[in-house]
Amino acid sequence: MRINPINGIMPGCQAIINHKADRQIQTSNRITDLNALNKNYNQLNFRGVSSKESLDYVLKIPLEDRLASMFEKVEKGDLILVGEKLSNAKTKMLESISSIDETIKRVFFLPEKKYKGYVGFFINKDWDKEVINLNNSEIKLIDAETLKSDILTPHDSYYVYENDLMLIPGNYDTLQIKEKPKVDLSGFRKNFCKAVDFSSLEKAEVEKFNRKIVSQLSREAKEVSNKVTFKDVGGQDALITELKRSILYPIKYPEMYDTFDVNKGFILYGPAGTGKTHIARALANEADANFISLNGLEMESKWVGESEENWRNLFDEARQKQPSIMFIDEIDAIGKSRGGSDTYGDKVLNQMLTLISDLDSSRDNIFIIGATNNFKALDKALIRSGRLSKHLEVKLPDRDGVKQIFEIHSGKKPLDKKIDKEALIDRLYDLKASGADIRYVINEAHVMGYDRAGIHEKMENGTITARDKHNFRITQEDFDKAIDKFVETRNGTDRKPIGFKG
Ligand code: ADP
């Protein structure tokens, strides 16, 4: 904002602005003062002077010159506070802090008893000086080139350049911006200026922030690489083809299905650990769909009482985040045959059935996949047409499937070249191992290997090195032990697959 030059607006100011000669007189007065002081400086040894005395001396140097001496020294991010008391300057600066949108690296305090007002000078990233009005009244700024004046409202900031004049509230004292003091004051700065350096603090903060950003980057990269897709599923090619045609393509190419009755409900059934959850998750990732994963057993225990409302909320969420794939593992826990004494189960099932029926008749892009090891136990109403009506069997892998799954899960493991992989795969196939079992055996072999190679011990002693990791290989012996353990554990658990959930 530019306004007309002031003409007699401020007492004592008009002369300075309108009459160059007066300005010169004022300046020359100051020069004289300063010269006198300068002479004194030369005779003074500040080391021997108490800080109060030295302050009294330096306060006699005009503020303009002390400020100019600071301007010679300051850097980007520096803030100079001017005023009578440091504590007041600090409080007032806090009220005006929003006028600085860069980080303050160093703060200097210049005490000044003569002026009643408080001002701040900030050196921004372009090396411009910004003056900040820390007072509750306006400061008038007079542009040295145009002699026009601007109003700096309370807590606001404005650029200032050499020779600009400021009228500081209180006594309307004038302060001229100078780039250089009349005499070299650099040797005395520490006597007239208090400095607090925050640059190392800021560096530490920046470092902390950057570290966070970089680690986030690696986490995100990991998340992306951890996203399972169909290439992470072994031995289920026919099932994958079916899921692509029934769910993936209708989600990706809806225009190709506008005359189709797209089936929205599915049941995946088959032994535990065959990859039902794994496949559903891969499908959601392939379709870039929102994946809602539920567990029938958990729901039964967690949701008693409010389950109907929970179901409605879930379907609302699925609708809002379409396309959605809702996966309900162990669906038999809520979808078992009705008619028994389990009234809670009946209520939930009824609610679920209503919602699924509504879904079937809508054009919402929501698919529900229930998974169970016990297909026979499911309520007929749940699996009839218009509900979860498409039933896909997930079988234990054939020999080829075992090989594929073995490659998927051992791909990144350090395997000894002498391992007889084909024999291992034969053994796992003969044992009717599921995908989860194969993964378990591979990880267990890795653990056995760490034991054999003394890696666990070294980790315990803190003597582990990068070389240990580099030289380590999982051997045939480790796999043999892992398979023995797997057989033993499975026999002890009633011959059920023991693989773990991913
Ligand atoms: P289910 O849901 O049938 O009980 P999961 O999908 O929970 O089985 O399987 C557990 C883990 O076993 C998976 O996360 C995955 O790592 C592995 N797994 C199971 N089946 C396969 C498969 N066909 N291909 C690759 N990995 C599999």
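Two strands are said to pair if DSSP finds at least two bridges between them, and helices (H or I, at least four residues) and strands (E, at least two) are themselves DSSP runs, numbered from the N terminus. In the hairpin of β5 and β6, six residues stand between the strands, and L147 takes a positive phi near 60° there.

The model described here is a predicted one, in which local features need pLDDT of at least 70 and side-chain atom pairs count only at pLDDT 80 or more, while totals for chains, interfaces and linings use all residues. Residues are numbered from 1 along each chain as its sequence is written, and side-chain values use heavy atoms, with hydrogens and water left out.

**The chain as a whole**

The secondary structure of the chain comes to 20 helices and 15 strands. Of its 502 residues, 44% count as buried, where buried means under 20% relative accessible area, exposed means over 50%, and partly exposed lies in between (1.4 Å probe, protein chains only). The accessible surface comes to about 27,400 Å², and carbon and sulfur atoms account for 49% of it; such areas come from the Shrake-Rupley method with a 1.4 Å probe. Among contacts (heavy atoms within 4.5 Å) between residues at least 6 apart in sequence, 74% join residues at least 24 apart.

**The four-stranded sheet**

An open sheet of four strands runs in the order β6-β5-β8-β9, with antiparallel pairing. Its edge strands are β6 (149-152) and β9 (173-176), each of which pairs on one side only, and the twist averages 25° from one strand to the next. Two of the pairings can be set out together.

| Strand pair | Direction and bridges | A bridge partner pair |
|---|---|---|
| β5 and β6 | antiparallel, four bridges | I139 and L152 of β6 |
| β8 (165-168) and β9 | antiparallel, four bridges | L165 and Q176 of β9 |

Along the edge strand β6, S149 and I151 point one way and D150 and L152 point the other way, and all are buried.

**Backbone features in loops**

L147, in the loop between β5 (139-142) and β6, is a residue other than glycine with a positive phi, and at 27% relative accessibility L147 counts as partly exposed. D288 likewise has a positive phi, of about 55°, although it is not a glycine. The place of D288 is in the loop between α9 and β12 (290-295), where D288 is exposed, with a relative accessible area of 64%. A further backbone feature is the peptide bond from Q322 to P323, which is cis, with omega near -5°; P323 is found in the loop between α11 (307-320) and β13 (324-329).

**The packing of α8 with α9**

Two packed helices are described by the angle between their axes and the distance between the axes. Helix α8 (residues 237-252) and helix α9 (residues 276-287) pack at an angle of about 35°, with their axes 10 Å apart; axes here are lines fitted to C-alpha atoms, for helices over the stretch in contact, and angles run from 0 to 180 degrees between N-to-C directions. α8 passes α9 in a right-handed crossing, a term that applies if the near helix is turned clockwise from the far one by less than a right angle. The contact is made by L239, L243, I247, L248, I251 and K252 of α8, together with I279, L283, E286 and A287 of α9. By class, this contact has eight nonpolar, no polar and two charged residues, with Ala, Val, Leu, Ile, Met, Phe, Trp, Tyr, Cys and Pro counted as nonpolar, Asp, Glu, Lys and Arg as charged, and the others, Gly among them, as polar.
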